[in-house]
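Let's take a walk through a protein model together, starting from its interior and working outwards along the chain. Have the sequence and the 3D view ready as you read.

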Amino acid sequence: MNPETHDSVSRLKRHKENPTTNQPISRQSRLTQKLKQTDIQWLALIIGAIAQNIIWWVYPLIYSKNLAGGQWQHNPLLISYSIIIAIAIFLTFNRGFSRWINYVVILFPLLFLYFLYKQFTGQQVMLLALLPIALLLINIPWLNLQNVLGLILYSGIATIVMPVVIFYQQNTYLTQPFIISLLPLFFSYLYFMSSVFVTEGRNKRLTSLVFGVILLLNVLTLPWNFWTILTMIIIIFTWMVLINFNLKQRYRMVFFTVLQAMTIMVIFLQQH
């Protein structure tokens, strides 16, 4: 018997003696890995939804508090809607556009508008409806909004809808200075959501660079202190690491939303 035949026979004997030694371990390993990924996805969803609501709620409440007579108005329906739409945004953007499940997710905030209609004015409900409608339009392939145009559309609507409704609920009126002061929030959406809408390498880096420079110039108009420098570091770090080196798609939304929340918090908290 030659050496090659002897080796083959030896391997065959070992396989017969331990026919399923490796298979259960491999299956268990795959199951454990799948469970860990599920836990990570749920954690990312919770963190992303919280960060998104911080972006929407903190500044209108701070601005209202500084106004004469501005008081905290508890509104469970509006809070519930903001959580539902934040979850819908995260799920829609986190796995990519034009997936059939996205249309099901978008349906929930649209249906919830029925409950809001009983307590809110028609104008407020129409304004709140713009967010899920925008998500729906962006996910329709033939409209071709999964690009810079869609990014601008989403950024503008996400900037206006929730902060304006929250401000109006707190004060029962709306001021032009408040709307103008939301401009940094618009720039932050353009920058941090750019790689979600523009996913190709060179175009993605160029788009994020342009909007990042605009946001950075806006930050430079703030009083210079430790927090201003920290904001600049976050913006530069986001472009050089998370965008320039292509962060995996399933991690983009949670990282970019958290960084956006940190950035706009520093910007807004310094405004008087």
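Keep in mind that this model is predicted. A good place to begin is the largest nonpolar core, which has 71 residues. Among its members, W56, F93, L131, Y154, M193 and F197 touch the most others. Helix α6, covering residues 148-171, gives the most to this core, with 10 residues.

Now pick out L131 from that group. Leaving aside residues up to four places away in sequence, L131 touches W56, I85, I89, Y154, I157, A158, V161 and M162. Two of these names, W56 and Y154, you have already met among the core residues that touch the most other members.

L131 also belongs to helix α5, where a kink of about 30° lies at this residue, shortly before the proline P132. The helix runs from residue 122 to 139, 18 residues in total. From first C-alpha to last, α5 reaches 26 Å, close to the 26 Å expected at 1.5 Å a residue. Both L131 and P132 are buried, and other buried residues of α5 include Q124, V125, L128 and I138.

Next, step back to the loop between α4 (100-117) and α5, where you will find F120. Is F120 buried or exposed? Its relative accessibility is 6%, so F120 counts as buried, since the cut-off for buried is under 20%.

What does F120 touch, not counting residues up to four places away in sequence? Its contacts are N75, L77, L78, V125, V165 and Q169. Take Q169: F120 and Q169 are 49 residues apart in sequence, yet their C-alpha atoms are 9.1 Å apart in space.

Conventions: Residues are numbered from 1 along each chain as its sequence is written. This is a predicted model: local features need pLDDT of at least 70, side-chain atom pairs count only at pLDDT 80 or more; totals for chains, interfaces and linings use all residues. Side-chain values use heavy atoms; hydrogens and water are left out. Helices (H or I, at least four residues) and strands (E, at least two) are DSSP runs, numbered from the N terminus. The expected span of a helix is 1.5 Å times one less than its number of residues. The bend at a residue is the angle between axes fitted to the seven residues ending there and the seven starting there. Buried means under 20% relative accessible area, exposed over 50%, partly exposed in between (1.4 Å probe, protein chains only). Contact means heavy atoms within 4.5 Å. A nonpolar core is a set of buried Ala, Val, Leu, Ile, Met, Phe, Trp, Tyr and Cys residues joined through side-chain atoms within 4.5 Å.
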